Amino acid sequence: GLLYDMRLLSEFCREREMLLIVDAVSAFIAEEIDMAALGADVVLTGSQKALACHPGISLMALSPRGQERVAENPEVCSYLSLKEALRNGERGQTPWTPAVNTLLEINARLRSIEARGIDAERAEIASRAKAVRDALTSTTLEMVPENPSNAVTALRCPASNAKAIIERAKTGYGMWLCPNGGALCDEVFRIGHIGAITEEDNDRLIDCLTSLSAEGLF
Ligand SMILES: *Cc1c(COP(=O)(O)O)cnc(C)c1O
């Protein structure tokens with residue numbers, strides 16, 4: 001749930017002449033990313049997050065320096081061959097048959113974002129995140145990071161009952177929240193704000209959270 005300080009990371013990489021590779025899988029659209037200003041060499045995302053399309057396509061943007069590095073380095077895997085992807089890109093194609101249906105979805109989605117303006121899209125995500133966070137301020141749940149991304153809200157449960165909260169939201173309210181894996185599975189759960197979520201959906205989510213709080217879960 002943390003929004004990285006990209007200026008800090010960018011300066012760090014610039015000073016050391018390191019390539020900057022940005023995993024923007026969930027930040028893409030939700031947060032502003034200016035590849036040129038950051039001096040980012042690779043920015044990658046997927047079809048299934050804020051683009052809200054079916055999974056199956058990874059999108060990757062490479063700076064000229066990033067492309068040079070691809071050309072210099074030996075290939076280690078034939079399926080993920082950036083050399084082949086760049087070569088085929090020159091004729092407007094991919095090396096192998098991609099998930100064509102998902103590409104068509106992405107194309108339609110990008111056209112709609114372009115028509116509406118990326119700022120409106122980003123503001124909508126931010127307003128959904130704010131509405132959820134505002135509704136939780138009077139509960140015992142704590143925001144995990146100090147500098148949260150608008151893409152997702154990561155919440156710490158002082159009662160270590162994250163699994164019970166998720167289960168109750170699902171069975172009691174038909175609302176699926178995102179469990180955390182690993183060592184924090186009882187402490188933390190997450191609420192996504194990206195994707196095909198309407199204002200009505202968000203209101204339902206807030207009603208669900210308010211009810212869970214009233215039930216004493218947090
Ligand atoms: C979702 C996500 C991933 C994982 O991507 P999947 O294709 O869903 O497995 C990686 N990095 C970030 C920042 C993500 O949000």
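Which side chain has a polar atom lying 2.7 Å from an oxygen atom of the ligand? Some notes on that and on how the two domains meet.

1. The answer is glutamine 48: a polar atom of its side chain sits 2.7 Å from a ligand oxygen. Keep in mind while reading the distances below that this is a predicted model.

2. Two further side chains have polar atoms to look at around the ligand. Aspartate 23 places a polar side-chain atom 2.7 Å from a nitrogen atom of the ligand. With serine 26, an N or O atom of the side chain is 3.0 Å from a ligand oxygen. As for cover, the ligand on its own exposes 380 Å², and the protein buries 45% of that.

3. If you want to pick out the whole shell on screen, select Asp23, Val25, Ser26, Gln48 and Lys49, the residues around the ligand. Sorted by class, that shell comes to one nonpolar, two polar and two charged residues.

4. Now zoom out to the chain. Domain 1 covers 6–116 and domain 2 covers 119–214. Their C-alpha centres are 28 Å apart. So which residues of domain 1 lose the most area to domain 2? They are Ala30, Glu31 and Arg116, and together they make up 48% of what the domain 1 side buries.

5. On the contact count, 11 residues of domain 1 touch 11 residues of domain 2. The size of an interface is often quoted as the accessible area lost when the parts come together. Here domain 1 and domain 2 bury about 1,000 Å² between them, with 52% of that on carbon and sulfur atoms.

6. How many salt bridges does the rule find across the interface of domain 1 and domain 2? Three turn up. A salt bridge worth pulling up on screen joins the side chains of arginine 109 and glutamate 121, at 2.9 Å from N to O. By class, the side of domain 1 that touches domain 2 is made up of five nonpolar, one polar and five charged residues.

7. Polar contacts deserve their own entry. The rule picks out six residue pairs in polar contact across the interface of domain 1 and domain 2, counting pairs with both residues at pLDDT 80 or more.

Key
Residues numbered from 1 in each chain as written. Predicted model: local features only at pLDDT ≥ 70, side-chain atom pairs only at ≥ 80, totals over all residues. Heavy atoms only, no water. Near = heavy atom within 4 Å. Polar contact = N/O pair within 3.5 Å; in protein donor to acceptor, adjacent residues only side chain to side chain. Areas by Shrake-Rupley, 256 points an atom, 1.4 Å probe, with all protein chains shown as cover. Nonpolar A, V, L, I, M, F, W, Y, C, P; charged D, E, K, R; others polar. Domains from an automatic or database assignment. Contact = heavy atoms within 4.5 Å. Buried area = accessible area lost by both parts, 1.4 Å probe. Salt bridge = Lys/Arg side-chain N within 4 Å of Asp/Glu carboxyl O.
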